[in-house]
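Please read this short report with the sequence and the 3D view side by side. Each section takes up one part of the chain.

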Amino acid sequence: MQLKGPVWLMQPIPYFGEPLKGDWIVEPKVDGWRLEVIRYPCGRIEFWGRRLEKKPNWTERLSSLTKMAEKFLPEGIILDTELYSTEGRQLIPSLFAKVPKAEPLIYVFDVIFYQGKFVGKLPLWRRKEILQKIGLQPPFYLIEWDALRNVNEDLREMVKRGYEGIVIKKLSSTYEIAKDGPMATADWRKIKPGR
């Protein structure tokens, strides 16, 4: 599979308390907007929202991020991220204005293409290793993650720290891409308080 443009981003499904088999990690669930960051082999950078059927090309509106991304982002890469702002979710729309009311925060949690090649067939733990090698620079941040210990305790801790909830992911999970819409996976589960 070649890097030709934006892809449908994989989606977590709700967790209903069933037993989990294998090794899992926990990440904070940031209440932002999904953002696909692409740097083509030619060097061009694009930013896309997740609803591809609406053609959400945000490149021009987020052009202030291009110079920042050029400093560290290798060519031939697609990152799966969450766009947030220093003033919370309510001011994310202001990031598209000529004079934003907040600063952007981009939380990077997966890599789909690297060095022009699809890396989604690699297990999640290996894709996390690739992300650590990139050397992200502000306002791009590698999302924190840890081994899942206890779903309820991890959820309480993340909510106490101001997050919307948690996403738990199987360490062996691959990144599945569909042609006509987002792929939902049981290997990624989202959990919010009061589930």
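## An enclosed strand

In this predicted model, five of the six residues of strand β10 are buried, so β10 is largely enclosed by the rest of the structure. β10 covers residues 165-170, and a good way to begin is to look at the strands with which it pairs.

β2 and β10 pair in the antiparallel sense, and six bridges connect them; in this pairing, E27 has V167 of β10 as its bridge partner. β10 is also joined to β11 by four bridges, and these two strands again run antiparallel, with K169 standing opposite W188 of β11.

## The helix α2 and its two sides

Which residues of helix α2 are buried? In this helix, which spans residues 124-134, they are L124, R127, K128, I130, L131 and I134. Because these residues cover an arc of only 155° around the axis, they are placed on the same side of α2. On the face turned away from that buried side, by contrast, α2 carries Q132 and K133, which are exposed.

What covers the buried residues of α2? The cover includes the strands β2 (24-29), β5 (77-85), β6 (104-114), β8 (140-142), β10 and β11 (184-191). The strand β10, described above as largely enclosed, is therefore met again here as part of the cover over the buried residues of α2.

## After the helix

Just after α2 comes G135, a residue that takes a positive phi of about 75°. Further along, P139 is found in the loop between α2 and β8, and the peptide bond that leads from P138 to P139 is cis, with an omega near 10°.

## Two loop residues with positive phi

Two further residues deserve a careful look, and each of them belongs to a loop. K55, although it is not a glycine, has a positive phi of about 50°, and its place is in the loop between β4 (45-49) and α1 (66-70). Is K55 buried or exposed? Its relative accessibility is 64%, and because a value over 50% is the cut-off for an exposed residue, K55 counts as exposed.

Q115 is likewise not a glycine, yet it has a positive phi of about 55°, and it lies in the loop between β6 and β7 (117-118). With a relative accessibility of 58%, Q115 counts as exposed.

How values were computed. Residues are numbered from 1 along each chain as its sequence is written. This is a predicted model: local features need pLDDT of at least 70, side-chain atom pairs count only at pLDDT 80 or more; totals for chains, interfaces and linings use all residues. Side-chain values use heavy atoms; hydrogens and water are left out. Buried means under 20% relative accessible area, exposed over 50%, partly exposed in between (1.4 Å probe, protein chains only). The arc is that of the directions from the helix axis to the C-beta atoms. Contact means heavy atoms within 4.5 Å. Two strands pair if DSSP finds at least two bridges between them.
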